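Me: I should like to go through this model label by label and ask on what grounds each one is given. Please set every value against its definition before concluding.

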Amino acid sequence: MSGCGACLFPESDGGFATDVFVLRKNVFGKCIDMYPLQEWENMIAGVRARLNLFDPKHAAFFREFCRGTQEVEMDTNGRILLPRKMLDEIGIDKEMVLAAQDSMIQVWDARVYEEVAISGEELGMMAEEIFKN
């Protein structure tokens, strides 16, 4: 990450399917979720399908879920400028980790990312609990 919050993505063989990403603060962790635009649209359609926006509780959830989202565009050099306000909200100062999470990338402060890591034993117990028959 540069001093201005620009993040350089290494060039890959196929490139990215999109140059536009949606950023939002993660619901559970102190990180930013970065979705390719199409993945965001798919995910938000699934969320919206489960809500009745005429129910005040559902409407409040959806409003908060979408609060602070921002679209960003990759420049011709493969950089994305991460908004300083979002970086400050999650405590990123200099070092960050970009962690692939299925169809999105999570942006973490490097120190916080290490703090939330779980042991192999804990991961095994979680897998057993989640995937038991």
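Me: Which side chains meet in a salt bridge at 2.7 Å, N to O?

Reply: They are the side chains of R111 and E115. A salt bridge is a side-chain nitrogen of Lys or Arg within 4 Å of a carboxyl oxygen of Asp or Glu, and the pair of R111 and E115, at 2.7 Å from N to O, therefore qualifies. The model is a predicted one, in which local features need pLDDT of at least 70 and side-chain atom pairs count only at pLDDT 80 or more, while totals for chains, interfaces and linings use all residues. Residues are numbered from 1 along each chain as its sequence is written, and side-chain values use heavy atoms, with hydrogens and water left out.

Me: Why are R111 and E115 separated by about one helical turn?

Reply: They lie four residues apart in helix α4 (residues 110–115), which means that about one helical turn separates them. A helix here is a DSSP run of H or I with at least four residues, a strand a run of E with at least two, numbered from the N terminus. R111 and E115 are also both exposed, exposed being over 50% relative accessible area, buried under 20% and partly exposed in between (1.4 Å probe, protein chains only).

Me: What makes the contact of D88 with R84 a salt bridge, and how exposed is D88?

Reply: The closest N and O atoms of D88 and R84 are 3.1 Å apart, and the pair therefore meets the distance limit for a salt bridge. Both residues lie in helix α3, four residues apart, about one turn of the helix. With a relative accessible area of 48%, D88 falls between the two limits and so counts as partly exposed; R84, at 33%, is partly exposed as well.

Me: Which residues are joined into one network by salt bridges that share partners?

Reply: R63, E64 and R67 are joined in this way. Within it, the side chains of E64 and R63 meet at 4.0 Å from N to O. R63 is called partly exposed because its relative accessibility is 49%, and E64 is likewise partly exposed at 41%. A search of the whole structure finds six salt bridges.

Me: What makes β4 and β6 the edges of the sheet?

Reply: The sheet is an open one of five strands, in the order β4-β2-β3-β7-β6, with antiparallel pairing. β4 (70–73) and β6 each have a single partner strand, so one side of each is left without a neighbour in the sheet. Two strands pair if DSSP finds at least two bridges between them; β2 and β4 are joined by four bridges, and therefore count as paired.

Me: How do you know that β2 and β3 are paired, and what lies between them?

Reply: Five bridges join β2 (residues 20–25) to β3 (residues 31–36), which run antiparallel, and the requirement of at least two is therefore met. The two strands form a hairpin with five residues between them. R24 stands opposite D33 in β3, whereas on the side of β4 it is L23 that stands opposite Q70.

Me: Why is β2 called mostly covered?

Reply: Five of its six residues are buried, which means that each of those five has a relative accessible area under 20%. In the protein chain of 133 residues, 33% count as buried.

Me: Why does F131 count as exposed, and which residues share its nonpolar patch?

Reply: F131 has a relative accessibility of 66%, which is over 50%, and is therefore exposed. F131 is found in helix α5 (residues 120–131), and forms a nonpolar surface patch with I118, L123, M126 and I130, the five together having about 550 Å² of accessible area. Such a patch is made of residues with over 30% relative accessible area and no salt bridge, nonpolar side chains (Val, Leu, Ile, Met, Phe, Trp, Tyr) being joined within 5 Å and like charges within 9 Å. Accessible areas come from the Shrake-Rupley method with a 1.4 Å probe, and for residues only the protein chains shown count as cover.

Me: Is K94 buried or exposed, and where is K94 found?

Reply: K94 is exposed, because its relative accessible area is 64%. K94 is found in the loop between α3 (84–90) and β6 (96–101), and its C-alpha atom is separated by 7.9 Å from that of D109, 15 residues apart along the chain.
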